[in-house]
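Biologist: Please show me the chain. I want to know the reasons behind the labels.

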Amino acid sequence: MLLRLPPRRLLRRRALLFVVHVGLIPLAYLAAFGLRFDFRIPAIEWPHFTRTLPYLLAIRALVFWGFGLYRGYWRHVGLRDLRDLAVAVSVSSALFAATLFAVGGLRGMPRSVFALDWVLMIFLSGGVRFAARSLREGFGATRTTGARTFIIGAGEAGEQLLRQALHDPRTTMTVVGLIDDNPDTHGRTLHGVPVLGGTDRLALLVQRHDVGLLVIAIRTATAEQTRRIVDRCRETGVEFKIIPSLDDLLARRATIAEVRDVQIEDLLGREPVELDLAQVKRDLAGKSILVTGGAGSIGSELARQIASYGPKRLVLLERAESPLYFTHLEVAGRYPGVEVVPFIGSITNPERLEQVFELYRPDYVFHTAAYKHVPMLEANAVEAVWNNVFGTLRVAECAALHGVEKFVLISTDKAVSPSSMLGATKRIGERIVLELPSLIESQTDFRAVRFGNVLGSDGSVVPVFKRQISVGGPVRVTHPDVRRYFMTIPEAVQLVLKAAALPEAARRIAILEMGRPVRIVDLAEQLIRLSGLVPYRDIQIVFTGLRPGEKLDEQLVGSDEGSVPTSVDKIRVIERAEVDPVGLERGIEHLLQVLGDGAQRDLIRAVSLLVPEYAPWEGHGVEPLPVSVPPDPEQRAAAPLATTPPPPPPPPTPPALVRSPGRADSMAKPAPA
């Protein structure tokens, strides 16, 4: 294999650094002798200097090379570089003294010279480095004067942004002051820029210093603190922005200087959850991974985050061609060391599923593919059941048949006491992967993850509200009391990945403690304010009534479920009191039979048999089934026997649903009558 030499320019730079160090070594050593004898070195001491200098040059040059001091960038020198320099000088001084002792060169040598040489070498070498950086920063390229700016936050994030603004000629900010609510910082300076006061005086300070831009740079601010700061920024009437999120910085999707507009995620009423993902990296590295719905909002973010952990292969199964093309282009370009495979296909197509499992032999499957728009699925119940129930069943069967290690189903809080076809079909999906006998008996570790609404996902209220605001309103909210749990897309994906790696989540449903739900009308008002407008004055908010399948509040845990903590803070797992695997198998076969005739009411009843707690939308004309199990264990003991006649018995138990390799597919979608 041929050795690849560094570029010629790099070789010249390293040679220059070597020459500078070689010149500083005798200079510091001579200065040490000079200080020892008040710069009147006796003639008798000159032989000591000349005889020992070659040893010092050779030892120190080799030690400096070993510590990489010839490879550093002096323009970015910092305290860590100074520490490395001090260690290298100390090691070389110790080796120098030991060598002289071994060859008998210590006789007659002034002992204080060693200490003086150590101090002077650090001073001269470090001084040259910081002088080079100072010259570059002081006399470098002159940048165009940008907007007069206040940085809000004089902590670590504010210091990083300030340093970038001062030293990067491409920055379009001229920072004239820092704002911080910590009184101890007031009157101090940071990189020569004063801390002028707190946010309570922001409007006055903006006017006094003729500021045209405010940048919020407080990485540890809570949502409540961020809302308060944003309100005070809005009162000034000038433009305000915020630094990128920690997730974007760590994923290298942005730098500290790439400030952006404040987003609704920054004002979310629940504090983001930071998860330790070291276990996830160990779990995913070197694996072949399949993501269904790989170009959707959750699936594409899963692809990005999974690829960052170094899997062997990442297969994206998606039937929407254009989104799949762009997701593949992005992920493959960002992670060239990972084989990213775009695979066009539907989860209801058994032949394509067999192909993807046979070709790529996934170790893990993350099943995100699903229909999810609540009102639309109420009007298209057949497709909702076919895709969300039988598509999930097909993928799970293939996973079990091909020996997949783990299968993670992405579920929703709408699966708890569902009032919509979406929630009911997702609840059936949960039951399939956790209760179906043929899957329980397989070697695959099936598990599910349940979470609330995802901000910014496809179909989220946020982009809908933004479009309504952009055309002048009104913003349409279904009900003033509607509340939902919210989380960001990166948070949702981190939860999925962490739950996939968590031993306690095996064959269970994992949930994230979501904190307090957020009123949708509050969300709408915040989005209007972020657009620089005033709710009910510039943009009206109208209430349209609950849509088919919707309810006022969502839950993460059902009345017949219990949640227990895990080893990960704020992640819990669900435990159900009762399961009915045989009834589930019979109910799925019955549901498949009913699906063929296309009768909506019969389909709703068949779904209700599988999800007794399902309360269908009244527009379907189907009464909810009576639930014989009381809502909590205490009531269960005292509850009288149900007097309502039971529903008609389901058909006899069908044969096993899992297909053997040589068996024809028995789950073809029936044609409507």
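Modeller: This is a predicted model. Start with leucine 353, which sits in helix H12, residues 350-360.

Biologist: Why is leucine 353 called buried?

Modeller: Its relative accessible area is 1%. Buried means under 20%. Leucine 353 therefore counts as buried.

Biologist: What is leucine 353 in contact with, leaving aside its neighbours within four places in sequence?

Modeller: Leu317, Ser346, Ile347, Arg394, Val395 and Cys398. Contact here means heavy atoms within 4.5 Å. Take cysteine 398: in sequence 45 residues separate it from leucine 353, yet the C-alpha atoms are 7.2 Å apart.

Biologist: How many residues of the chain count as buried?

Modeller: 47% of the 673 residues. The accessible surface of the chain is about 32,600 Å², and carbon and sulfur atoms hold 57% of that.

Biologist: What are the secondary structure counts?

Modeller: The chain has 22 helices and 21 strands. Among contacts with a separation of 6 or more, 76% join residues 24 or more positions apart.

Biologist: Now the helix pairs. What makes H14 roughly parallel to H15?

Modeller: Helix H14 covers residues 381-401, and its angle to H15 is about 15°. Angles under 35 degrees count as roughly parallel. So H14 and H15 get that label. Their axes are 9 Å apart, and the crossing is right-handed.

Biologist: Which residues make the contact between H14 and H15?

Modeller: On the H14 side, they include Ala381, Ala384, Val385 and Asn388. On the H15 side, Met421, Leu422, Thr425 and Lys426 are among them. By class, the contact has eleven nonpolar residues, four polar and one charged.

Biologist: Why are H15 and H20 called oblique?

Modeller: Helix H15 (residues 421-435) and helix H20 (residues 581-597) pack at about 130°. Over 145 would be roughly antiparallel, and 65 to 115 roughly perpendicular. The angle of about 130° is in neither range, nor is it under 35 degrees, so the pair is oblique. The axes are 10 Å apart.

Biologist: What is the hand of the crossing, and which residues meet?

Modeller: H15 passes H20 in a left-handed crossing. Ile428, Arg431, Ile432 and Glu435 of H15 meet Pro581, Leu584, Ile588 and Leu591 of H20. That contact has six nonpolar residues, two charged and no polar.

Biologist: On to the loops. What makes aspartate 38 exposed?

Modeller: Its relative accessible area is 63%. Exposed means over 50%. Aspartate 38 therefore earns the word. The residue is in the loop between helix H1 (8-36) and helix H2 (46-66). Its phi is positive, about 55°, although it is not a glycine.

Biologist: And why is serine 417 called partly exposed?

Modeller: Serine 417 has 26% relative accessibility. Buried is under 20% and exposed is over 50%. The value falls in between, so serine 417 is partly exposed. Serine 417 also has a positive phi without being a glycine, about 45°. Its loop runs between strand E11 (406-412) and H15.

Biologist: How do you know which form the peptide bond between glycine 473 and proline 474 takes?

Modeller: Omega is about 0°, and the bond is cis. Proline 474 is in the loop between helix H17 (461-470) and strand E14 (475-477).

Notes. Residues are numbered from 1 along each chain as its sequence is written. This is a predicted model: local features need pLDDT of at least 70, side-chain atom pairs count only at pLDDT 80 or more; totals for chains, interfaces and linings use all residues. Side-chain values use heavy atoms; hydrogens and water are left out. Helices (H or I, at least four residues) and strands (E, at least two) are DSSP runs, numbered from the N terminus. Buried means under 20% relative accessible area, exposed over 50%, partly exposed in between (1.4 Å probe, protein chains only). Accessible areas come from the Shrake-Rupley method with a 1.4 Å probe; for residues, only the protein chains shown count as cover. Axes are lines fitted to C-alpha atoms, for helices over the stretch in contact, and angles run from 0 to 180 degrees between N-to-C directions. A crossing is left-handed if the near helix is turned anticlockwise from the far one by less than a right angle, and right-handed if clockwise. Ala, Val, Leu, Ile, Met, Phe, Trp, Tyr, Cys and Pro count as nonpolar, Asp, Glu, Lys and Arg as charged, and the others, Gly among them, as polar.
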